Amino acid sequence: VQLQASGGGLVQAGGSLRLYCRASGNIYSLSVMGWYRQAPGKQRELVASIRRDGVTNYRDSVKGRFTIFRDIAKATVDLQMNSLKPEDTGVYYCSARSGASDYWGQGTLVTVSS
């Protein structure tokens, strides 16, 4: 499985960005897809995930601001980010799980200026 992410950039606080991720390869085995982020000097953390049945999971700090979308047929997972805050700054990674294996995209940088 390969993951290709895009959509990061620089935005002012209060603005919006949408991240895009497309999986290729053995996409029919993918169970959970999601987005993680890593801020400078911090550990990578889960932002949002979505199962094949559509059940979503968000970290508390993004609830009500971020929405995750998944298209199983197209093997895509997008993250709509609204009301961005400076603390949302970081490198965002697309992820996917197949069986016991986790796959990662290359990361896309999101910078939110105050």
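The paragraphs below walk through a sheet, one residue within that sheet, and a group of aromatic side chains in a predicted model.

A convenient place to begin is the open sheet of four strands, whose order is β1-β3-β8-β7 and whose pairing is antiparallel. Strands β1, covering residues 2-6, and β7, covering residues 66-71, stand at the edges of this sheet, and because each has a single partner strand, one side of each is left without a neighbour in the sheet. From one strand to the next, the twist averages 15°. In general terms, the strands of a sheet pair through backbone hydrogen bonds, and they may do so in a parallel or an antiparallel manner. Within this sheet, strand β3, made up of residues 17-24, runs antiparallel to β8 and is joined to β8 by four bridges. On the β3 side one can look for Leu-19, whose bridge partner in β8 is Leu-79.

Strand β8 spans residues 76-81, and Gln-80 is found in this strand. Is Gln-80 buried or exposed? Its relative accessible area is 18%, and since buried means under 20%, Gln-80 counts as buried. When its neighbours within four places in sequence are left aside, Gln-80 is in contact with Ser-16, Leu-17 and Arg-18, and also with Arg-65, Phe-66, Thr-67 and Phe-69. The side chain of Gln-80 is, in addition, joined to the side chain of Asn-82 by a polar contact of 2.8 Å.

The path now turns to the aromatic rings. A pair of such rings is described by two quantities, namely the distance of the centres and the angle of the planes. By the rule applied here, the model holds one aromatic pair. This pair consists of Tyr-36 and Trp-104, which meet edge-to-face, with 4.9 Å from centre to centre and 70° between the planes. Tyr-36 belongs to strand β4, residues 30-38, and Trp-104 belongs to strand β10, residues 101-104, so that the pair, with its members 68 residues apart, links distant parts of the chain. Tyr-36 counts as partly exposed because its relative accessibility is 24%, and Trp-104 likewise counts as partly exposed, with a relative accessibility of 38%.

Trp-104 also leads the reader to Arg-44, which lies over the face of the Trp-104 ring at 4.7 Å from the ring centre. Arg-44 lies over the face of Tyr-93 as well, where the distance from the ring centre is 3.7 Å.

Note on methods: Residues numbered from 1 in each chain as written. Predicted model: local features only at pLDDT ≥ 70, side-chain atom pairs only at ≥ 80, totals over all residues. Heavy atoms only, no water. Phe/Tyr/Trp six-rings, centres within 6.5 Å; stacked < 30°, edge-to-face > 60°. Helix = DSSP H or I, 4+ residues; strand = E, 2+ residues; numbered from the N terminus. Buried < 20%, exposed > 50% of the residue type's maximum accessible area, 1.4 Å probe, protein only. Lys NZ or Arg CZ within 6 Å of the ring centre and 35° of its normal. Polar contact = N/O pair within 3.5 Å; in protein donor to acceptor, adjacent residues only side chain to side chain. Contact = heavy atoms within 4.5 Å. Pairing = 2+ DSSP bridges. Axes fitted to C-alpha atoms, helices over the stretch in contact; angles between N-to-C directions.
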